[in-house]
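Subject: Handing over a structure

Hello,

Here is the structure I promised to pass on to you. Have a look at it first, and then read on for what turned up in it.

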Amino acid sequence: MIDTNRFRPKVLTVGVVGAPQISGDGKTVVWNQLVGDNVDIYRYCDGQIDRISSDPRQDIHPSLNHDGSVITWTRWNKLDPKDPEGNFDVVVWKDGREQTVAETRANESDPVVSPDGAKIAWESDVDGNNRQSVIQCLENGKIRDLTQPSDNAAFPVFGGNQHLFWRSYGADGSDLVRFDGQNAQKITNQPGSEVKPAASKDGQVVFYQKVSDSDDDLFRLDLKTGQTELAAGLKKVDEDWPSTSADGSVLAWTNFDRRLPLPTANTQIYVRENGENRQVTFGPGIHGQTSMSDDGNKIAYHWINSAFINNRAIVLLERQPD
Ligand SMILES: [Ca+2]
Ligand SMILES: [Ca+2]
Ligand SMILES: [Ca+2]
């Protein structure tokens, strides 16, 4: 029998927090947090919370490498978050020092760092007008475009150090693409949108969310065999936002069950492993936005009080020994 309480929650912080990410080694969690009128990047490590950025401008959407030594995020370049002249830039933090690495008039956003910390990738809207997008990558001090504006590529995600995945927008939604450092290849081509890829460390197994008018489902694609299988696909349930362990054996997601009448209809974290799907969070509020350690034993997520949405928390689920 499966013990549904094998993951135990630990609240890391409470506040106007968002966008948690856990390091591959599971030792560091980063997020963005509004304090006063300033949003900064915060870090939990060894039982202690530190503020990583202290710029008065808005710092959001952090990502970190395997050991937490490199953190990247996006920063609004004006003090006023509503300044029409403003745009997003990319900041990299390493060994306690930060550097702005992309600061053109384009919106450079959603940066991610490879597990070894050597590559930073992000999307750029080219001219600041939000009409086109390209993926850019910083490596060995040089920035290069990995896509053409006509590819309409966005939301890069690393699968190990070698592979980068992104979404490519077309007339009929978006497809997923895998880039191996040399070549980019479409890995889905269904009508509608495949979004939010989460890949194994070898880049061979990718989970993704299929968006549909009726409800969302999660699929597992094995790129070695070309086989796609449903990982979580109940009707009237939105299975969203997948995250996975390094070997692809553990999957976590945000589960919104619309079959339950309000107010019991709620959003919880679910986990799939050994062919079984199970709920791992309980109680009121919205539980979502999972990020998983490489070993599949730790999952960071975001909790929101549905009655008072500025009451939020960053929570760490830790697997308990049998
Ligand atoms: Ca700030
Ligand atoms: Ca910019
Ligand atoms: Ca579904």
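Of the 322 residues of the protein, 48% count as buried. Please keep in mind that this is a predicted model.

**Overall picture**

The secondary structure comes to 0 helices and 27 strands. Along its principal axes, the C-alpha trace spans about 55 × 45 × 35 Å. The radius of gyration is 19 Å, which agrees with the value near 20 Å that a compact globule of 322 residues would have. Among contacts with a separation of 6 or more, 37% are between residues 24 or more positions apart.

**The core**

In soluble globular proteins, nonpolar side chains tend to be buried together. Here the largest nonpolar core holds 68 residues. Which of them touch the most other members? They are V29, W166, V206, F207, A252 and I299. I followed up V29: leaving aside residues up to four places away in sequence, V29 touches L12, P20, I22, Y44, A300, I314 and L316.

**A four-stranded sheet**

Strands of a sheet pair through backbone hydrogen bonds, either parallel or antiparallel. One open sheet of 4 strands has antiparallel pairing and the order β9-β10-β11-β12. Its edge strands are β9 (108–113) and β12 (142–145), each of which pairs on one side only. On average, neighbouring strands of this sheet are turned by 25° against each other, direction ignored. Within the sheet, β10 (residues 119–124) and β11 (residues 134–139) run antiparallel and are joined by 6 bridges. If you want a spot to zoom in on, E123 stands opposite I135 in β11.

**Strands β22 to β24**

Further along the chain, β22 (residues 251–257) runs antiparallel to β23 (residues 267–273), with 6 bridges between these strands. One of the core residues named above, A252, is among those that touch the most other members. The bridge partner of T254 is I269 in β23.

β23 is also joined to β24 (residues 276–279), by 4 bridges and again in antiparallel fashion. What do β23 and β24 form, and how many residues lie between them? They form a hairpin with 2 residues between the strands. In that turn, N274 has a positive phi of about 50°. Beside the turn, E273 stands opposite E276 in β24.

I would be glad to hear what you make of it.

Best wishes

Methods: Residues numbered from 1 in each chain as written. Chains lettered and ligands numbered in written order. Predicted model: local features only at pLDDT ≥ 70, side-chain atom pairs only at ≥ 80, totals over all residues. Pairing = 2+ DSSP bridges. Axes fitted to C-alpha atoms, helices over the stretch in contact; angles between N-to-C directions. Rg over C-alpha atoms; globule rule 2.2 N^0.38 Å. Buried ≥ 20, exposed ≤ 12 C-beta atoms within 10 Å, placed from the backbone. Contact = placed C-beta atoms within 7 Å. Core = buried A, V, L, I, M, F, W, Y, C linked by C-beta atoms within 7 Å.
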